[in-house]
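Student: Please take me through one part of this model closely, starting from a single residue and its surroundings and working outward to the rest of the chain and the bound molecule. I would like the cut-offs stated as you go.

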Amino acid sequence: MDEISRLLQETVTKLFSEAVTPELIRNFEDGQFPEELWAQVQELGLLDVLVADDDSTWTSAYEVLFALGRWSVPIPLAETMAARRLLRDAGEEIPEGIITLAYADDYATKVLTGVPWARMADYVIVQTGTGDETQIRLMPIGEANVSNKTNIALEYRDDVDISVAPGRPVRKANRGPTALEAGALVRSVQIAGALDGMLHEAVTYAQDRTQFGKPIGKFQAIQQQLAVLAGRVAAVGRAAQTAAAAADGDDPVIDIAIAKIEASDSVSETTSIAHQVHGAIGFTYEHHLHFLTRRAWAWRNEFGATHHWALPLGRNAAQRGAENLWSDLTGGV
Amino acid sequence: MTTYFSFAPNSLPGSTQALREEIRSFLDQELSDYPAVKRAETWMGYDKAFSKKMGDRGWLGMTWPKQYGGHERSAFERYVVLEEMLAAGAPVGAHWIGDRQSGPLLLRFGTEKQREEILPRVARGEIFFCIGMSEPDSGSDLAATKTRAQKTDGGWLINGTKLWSTGAQHADYMIALFRTESNPESRHGGLSQFLVDLKTPGITVRPIKDLSGAEHFNEVVFEDAFVGDDWLVGEEGGGWAQVTAELAYERSGPERYMSCMPLLTELVREIGPDPDERQAIILGKLIARLATLRQMSISVAGMLEDGKDPALEASIVKDQGALFEQSLPHIANDLIDGVSATGTDYAQVLNLLVQISPSFSLRGGTREILRGIIARGLGLR
Ligand SMILES: Cc1cc2nc3c(=O)[nH]c(=O)nc-3n(C[C@H](O)[C@H](O)[C@H](O)COP(=O)(O)OP(=O)(O)OC[C@H]3O[C@@H](n4cnc5c(N)ncnc54)[C@H](O)[C@@H]3O)c2cc1C
């Protein structure tokens, strides 16, 4: 890991592991946004992690995104970080404030649904269409009608009526991810972090909880499940890291698709194991495991669920044909 | 970043690209009329002449010191050779074991004489190895090894039976685990490794048909077979630690998720350029998983290159890899309706791999044993 990544990792791990207590998240779920934490994050310059220097990278930003997932941090940092980078890549001015990301298939869409943190955002970058159809707009949220909604982790995922104020077009960057791809990348890394959190929780719990006179982690049935969980954690982390590195290059769409498929597709098995190992206590609101698992359940569907990314990947492979399958797979490295 | 294991985001150095091209053109030539169903055997395919050609090219013993016939190339370069061979379904079975584990084992634990005598010939693709770990009553529980090596004048007398030794009917040597002490103090004591010349009198090799009708593995019976003192590998009584190290080599390579690569290729051919939505989605998921396993496997190669011990990471890749390659034939089977019995290439490849797939989570350590190793890495044991 390079020096910048290591420093970032240390900073965010310290900040989030101390500040983001179960109580803070419960308060957030009761309607109390963590203002103090958000102020700290801004002071530390974390909003600018992807734009601070000419050589700021997604590779380093991975550490921040991972920690956001690992510690279930309920703030609009991932989106703002990514949005600022997208604007910079496009050669646009970067406005102050919170910027979020949204995607719709169709340019004529009147109401954007599930827009992260829209109620508190200043701007939204809206992508409509993909590939050659891609259009990007920047819209001040103040001009739109926002209805408050949440995902199943009670994170703000609002509906934004843009019929009165469609925003202004933004150039397309000629390298790096699109808004949809950036969103998928961000969620993949957050899922990787959340899964890692589940592994830590489940292993620790298995070592502490005693039944039949010994820690349940001594039972082979539990060990075998945790080994599977570890395997998925390793896979999703590796795929997400590859995607982040690819986002620093010209055309990251395939690596991001792979990461989002792996991340989203692993959520069912990993959350099941984490909960199974925790028994009934993990099913209570009081216990903090669900802050991780509910986020994973929500995030797997955001910025494209498994099938959204798997369909074009599979179609592309079929079109490229058997002769190109292996050379395409190895083309990246 | 997790604390339990490390999968560094290595990518293969750009310098491996030329090597890859070289391998591909070699394979295009060598395998131009090699049938799909043979390719599906991947590292079970056995062809000594092919192995010799690889030796001639410097693609065996790649990372070993030149002084022992090696080529002092990087773990990444070796990785590229392995994955290209597997992707093409080349018949690499003859040299696979010697190159992957017996050679490195001798390099690490062997005597100078053993290294000088054996390794250059392995690297040239002239001699071939098999593994003698399992026995009738000792599978996962290797410490239960019964085959006896009894000290005698100038060497050891071997009595007992090794089972499931892949390729023993064609191999020149076996690296075998024998009991050199009957009632050791510790359960893992009293075991030693030997380099056994399979032409030694008193050794009988009997091939065992597998469920597909093919003969890959064997029963190897030892009746007063004499092995000279010079052929003890490593320390007397140090067999357990050595065999553990050997198994780590055995688990670290891309063959642990690529056994079905020829099937994936044929599947894409069979589906054609216009997949239906379900086929495309499932194909996309398979490709995502394959690409991710490959990245993980390259991380393991990176750890080997850095001289680290990737035992935990390798077990994770093998476990996840076995899940992938074991499910692939069945997923493929469900993707296309009405595959004829044995008519097409695709059907033949599919039918073979459906039958072979149960072995993927047995050979090289069962799924349950690997997961035990992973659990230990998590601090649970
Ligand atoms: C195709 C193939 C090639 C092979 N090639 C070789 C070779 O070249 N050389 C060689 O030495 N061996 C070889 N083997 C043998 C292989 O290493 C063994 O099959 C393997 O170690 C398991 O041993 P076993 O078959 O006796 O099964 P067992 O050990 O009897 O296991 C049967 C089942 O019980 C489970 N089990 C056993 N112990 C435990 C435990 N403690 N906890 C939980 N579950 C447990 C196993 O996981 C498995 O599911 C090969 C096997 C196959 C299938």
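Tutor: B:His95 sits in helix 5 (residues 93–109) of chain B, where helices are DSSP runs of H or I with at least four residues, strands are runs of E with at least two, and both are numbered from the N terminus. This is a predicted model, in which local features need pLDDT of at least 70 and side-chain atom pairs count only at pLDDT 80 or more, whereas totals for chains, interfaces and linings use all residues. Residues are numbered from 1 along each chain as its sequence is written, chains are lettered from A and ligands numbered from 1 in the order in which they are written, and side-chain values use heavy atoms, with hydrogens and water left out.

B:His95 has a relative accessible area of 4% and is therefore buried (buried is under 20%, exposed over 50%, partly exposed in between, with a 1.4 Å probe and protein chains only). Setting aside residues up to four places away in sequence, B:His95 touches B:Ser51, B:Met54, B:Leu60 and B:Phe128, contact being heavy atoms within 4.5 Å. With B:Ser51 there is also a side-chain polar contact of 2.8 Å (N or O atoms within 3.5 Å; within protein, one must be able to donate a hydrogen and the other to accept it, and residues adjacent in sequence count only if both atoms are side-chain atoms).

Elsewhere in chain B, B:Glu72 lies in the loop between helix 3 (48–56) and helix 4 (75–88). B:Glu72 is partly exposed, at 49% relative accessibility, and its phi is near 50°, a positive value in a residue other than glycine. Most residues other than glycine have a negative phi, which is the reason for pointing out such a value.

A positive phi, near 70°, is also found at B:Trp164, which belongs to the loop between strand 3 (155–163) and strand 4 (173–179) of chain B and is partly exposed at 41% relative accessibility. B:Trp164 leads to the ligand: of the 15 residues around it, those that come nearest are B:Ser134, B:Ser140, B:Trp164, B:Thr366 and B:Glu368, a residue being near if one of its heavy atoms lies within 4 Å. The site is shared between chains, because residues from both A and B surround the ligand.

Among the polar pairs, a backbone N or O atom of B:Ser134 is 2.8 Å from a ligand oxygen atom, a polar side-chain atom of B:Thr166 is 2.8 Å from a ligand nitrogen atom, and an N or O atom in the side chain of B:Glu368 is 2.7 Å from an oxygen atom of the ligand. Of the 960 Å² of accessible area that the ligand has on its own, the protein covers 65% (areas by the Shrake-Rupley method with a 1.4 Å probe).

At least three residues of the shell around the ligand come from each of domain 2 (131–237) and domain 3 (244–377) of chain B, with bounds from an automatic or database domain assignment. The C-alpha centres of these two domains of chain B lie 30 Å apart, and their contact takes eight residues from domain 2 and seven residues from domain 3.
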